[in-house]
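This report describes one protein chain, going from selected residues to the chain as a whole. The structure comes first, and the description follows.

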Amino acid sequence: MSDQPAQGRWAIMLSLLAALMLNIWPLPEMAQLLRPDWVALVLIYWILAIPHRVNVGTAWLAGLVLDALTGSVLGQHALALAVLALLVSGIHLRVRVFPVWQQAITVMALLTVYEVILLMVEGATGQLHNLEWRWAPVLTGTLFWPWVLFLLRFLRRRFNVA
């Protein structure tokens with residue numbers, strides 16, 4: 001354990017807040033179907049970078065906030081993000097050394113798991129909708145991963161988030 005206080009807490013919180021806002025930002029209907037899961041992408045980055053600071057608990061809280069903001073079943077996103085965080089924390093040492101394209105493929109697999117959990121909860125509660133566009137956020141999230149990676153890496157290095 002380091003004796004230095006944790007730095008950059010505000011950068012992590014600000015990036016998660018921005019991701020939450022991007023997830024609920026009003027868009028035209030077609031663009032909404034293609035919207036990446038910003039909160040999942042930001043959580044994946046922070047867990048890969050600093051798993052001792054951003055973890056399953058952070059993901060659970062972010063998911064509860066996302067559930068409240070989107071009006072979805074309470075705990076739906078919290079469960080999916082917590083499972084996502086658990087998976088990422090288990091593979092973070094390997095994924096961090098991957099080149100960006102391999103990280104993007106890994107992110108696609110993780111986002112698929114996230115969507116499957118959301119789909120299962122929606123199916124169990126009888127709220128299935130837009131099944132033909134269900135996987136579009138996985139594809140757009142994969143395409144946006146390099147930009148999320150470089151932007152948050154820049155933020156982490158610029159503000160010495162450790």
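## V148 and its surroundings

V148 is buried, because its relative accessible area is 8% and the cut-off for buried is under 20%. In this predicted model, V148 belongs to helix α7, which covers residues 136-158.

Leaving aside residues up to four places away in sequence, V148 is in contact with W38 and L41. V148 and V42 are 106 residues apart along the chain, yet their C-alpha atoms are separated by 7.2 Å. W38, L41 and V42 carry numbers that fall within the range of helix α3, residues 38-49.

## Q103 in helix α6

Q103 sits in helix α6, which runs over residues 100-124. With a relative accessibility of 4%, Q103 is classed as buried.

When residues up to four places away in sequence are set aside, the contacts of Q103 are V95, R96, F98, W145 and L149. Of these contacts, W145 and L149 have numbers inside the range 136-158 of helix α7.

## Partly exposed positions

Three further residues are neither buried nor exposed by the cut-offs of 20% and 50%. L17 is found in helix α1 and is partly exposed, its relative accessible area being 45%. Along the chain, L17 and A62 are 45 residues apart, and a distance of 8.9 Å separates their C-alpha atoms.

W25 is located in the loop that connects α1 (9-24) to α2. At a relative accessible area of 48%, W25 is partly exposed. From W25 to L41 the C-alpha to C-alpha distance is 16 Å, for a sequence separation of 16 residues. L41 also appears above as a contact of V148.

N160 lies beyond the last residue of α7 (136-158), in the segment that follows this helix. Its relative accessibility of 46% makes N160 partly exposed. N160 is not a glycine, but its phi is positive, at about 50°.

## Fold and dimensions

How many helices and strands does the protein chain have? The count is seven helices and zero strands. In sequence order the pattern is α-α-α-α-α-α-α.

The radius of gyration of the protein chain is 15 Å, which agrees with the value near 15 Å that a compact globule of 162 residues would have. The C-alpha trace spans about 50 × 30 × 30 Å along its principal axes. Taking contacts between residues at least 6 apart in sequence, 68% are between residues at least 24 apart.

## Surface, burial and charge

Buried residues make up 43% of the 162 in the protein chain; V148 and Q103 are among them. The chain has an accessible surface of about 9100 Å², and carbon and sulfur atoms account for 70% of that area.

The side chains include 10 positive and 7 negative ones. A distance of 18 Å lies between the centres of these two sets.

## Confidence

Across the protein chain the mean pLDDT is 94, with 97% of residues at 70 or more. Which elements have the lowest and the highest mean pLDDT? The lowest is helix α2 (residues 29-34), with a mean of 92, and the highest is helix α3 (residues 38-49), with 98.

Where pLDDT is low, predicted coordinates should not be read in detail.

Note on methods. Residues numbered from 1 in each chain as written. Predicted model: local features only at pLDDT ≥ 70, side-chain atom pairs only at ≥ 80, totals over all residues. Heavy atoms only, no water. Helix = DSSP H or I, 4+ residues; strand = E, 2+ residues; numbered from the N terminus. Rg over C-alpha atoms; globule rule 2.2 N^0.38 Å. Buried < 20%, exposed > 50% of the residue type's maximum accessible area, 1.4 Å probe, protein only. Contact = heavy atoms within 4.5 Å. Areas by Shrake-Rupley, 256 points an atom, 1.4 Å probe, with all protein chains shown as cover. Lys, Arg positive; Asp, Glu negative; His and termini not counted. Charge placed at Lys NZ, Arg CZ, Asp CG, Glu CD. pLDDT = per-residue confidence, 0-100.
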